[in-house]
Amino acid sequence: MGQSGAERQRRKRERDRALVWGADFDESQLSDTALLEQIGIAYRKARDYPGQNAILHGLLKELMQRAGF
């Protein structure tokens, strides 16, 4: 039985989350949309827990690299 669009999207978000928040931190494998989504999540976590902004920093660095800065 095939997956619905919502199920595929949920699984993709789970994979993206594992790429960013797992032990194998590799933001370069994220799509542009997923990168922006993970930046939003990381920003909220960094705002709520000051001093825990390393992941946000890495994601922003990747964004700047993709933008050509």
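This passage walks through the fold, the core, the helix packing and a handful of single residues.

The model described here is a predicted one. To begin with the overall picture, the secondary structure amounts to three helices and zero strands, and reading along the sequence gives the simple pattern α-α-α. The C-alpha atoms of the chain fit in a box of roughly 45 × 30 × 20 Å along the principal axes. Of the 69 residues in the chain, 22% are buried. As for how far along the sequence the contacts reach, 44% of those between residues at least 6 apart join residues at least 24 apart.

What makes up the largest nonpolar core? It turns out to be a set of ten residues: Leu19, Val20, Leu30, Ala34, Leu35, Ile39, Ala42, Ala46, Leu56 and Leu59. Helix H1 (5-21), H2 and helix H3 (54-67) each put in at least two of these residues. The biggest share comes from H2, which gives five residues to this core. As a general backdrop, nonpolar side chains in soluble globular proteins tend to be buried together. One of the core residues, Ile39, is in contact with Leu56, Leu59, Leu60 and Leu63, once its neighbours within four places in sequence are set aside.

Next comes the packing of H2 against H3. Two packed helices are described by the angle between their axes and the distance between the axes. Here, the axes of H2 and H3 come within 9 Å and cross at roughly 150 degrees, and the crossing is left-handed. On the H2 side, the contact is made by Asp32, Leu35, Leu36, Gln38, Ile39, Ala42, Tyr43 and Ala46, while H3 brings Ile55, Leu56, Leu59, Leu60, Glu62, Leu63 and Arg66. Ile39, already met as a core residue, is thus also listed on the H2 side of this contact.

Gln38 sits in helix H2. Is Gln38 buried or exposed? Its relative accessible area is 1%, so Gln38 counts as buried. Leaving out residues up to four places away in sequence, Gln38 touches Asp16, Arg17, Val20, Trp21, Leu30 and Leu59. Gln38 and Gly5 are 33 residues apart along the chain, with 20 Å between their C-alpha atoms.

Asp48 also belongs to helix H2, which spans residues 32-48. Asp48 counts as partly exposed because its relative accessibility is 47%, and the cut-off for exposed is over 50%. The C-alpha atoms of Asp48 and Trp21 are separated by 16 Å, and the two residues lie 27 residues apart along the chain. Trp21 has another partner worth a look: Lys45 lies over the face of Trp21, at 4.9 Å from the ring centre. As for rings paired with rings, the structure holds zero aromatic pairs.

Over in helix H3, two residues can be set side by side. Ala54 is part of this helix and counts as exposed because its relative accessibility is 61%. Between Ala54 and Ala18 there are 16 Å in space, C-alpha to C-alpha, and the two are 36 residues apart in sequence. Arg66 is found in helix H3 as well, but with a relative accessible area of 32%, Arg66 is partly exposed. What does Arg66 touch, not counting residues up to four places away in sequence? The list runs to Glu27, Ser28, Leu30, Ser31, Asp32 and Leu35. Two of these names, Asp32 and Leu35, also come up on the H2 side of the contact with H3. Finally, Arg66 and Gly2 are 64 residues apart along the chain, and their C-alpha atoms are separated by 34 Å.

Terms used:
Residues numbered from 1 in each chain as written. Predicted model: local features only at pLDDT ≥ 70, side-chain atom pairs only at ≥ 80, totals over all residues. Heavy atoms only, no water. Phe/Tyr/Trp six-rings, centres within 6.5 Å; stacked < 30°, edge-to-face > 60°. Lys NZ or Arg CZ within 6 Å of the ring centre and 35° of its normal. Helix = DSSP H or I, 4+ residues; strand = E, 2+ residues; numbered from the N terminus. Buried < 20%, exposed > 50% of the residue type's maximum accessible area, 1.4 Å probe, protein only. Core = buried A, V, L, I, M, F, W, Y, C linked by side-chain atoms within 4.5 Å. Contact = heavy atoms within 4.5 Å. Axes fitted to C-alpha atoms, helices over the stretch in contact; angles between N-to-C directions. Left-handed = near helix turned anticlockwise from the far one by under 90°.
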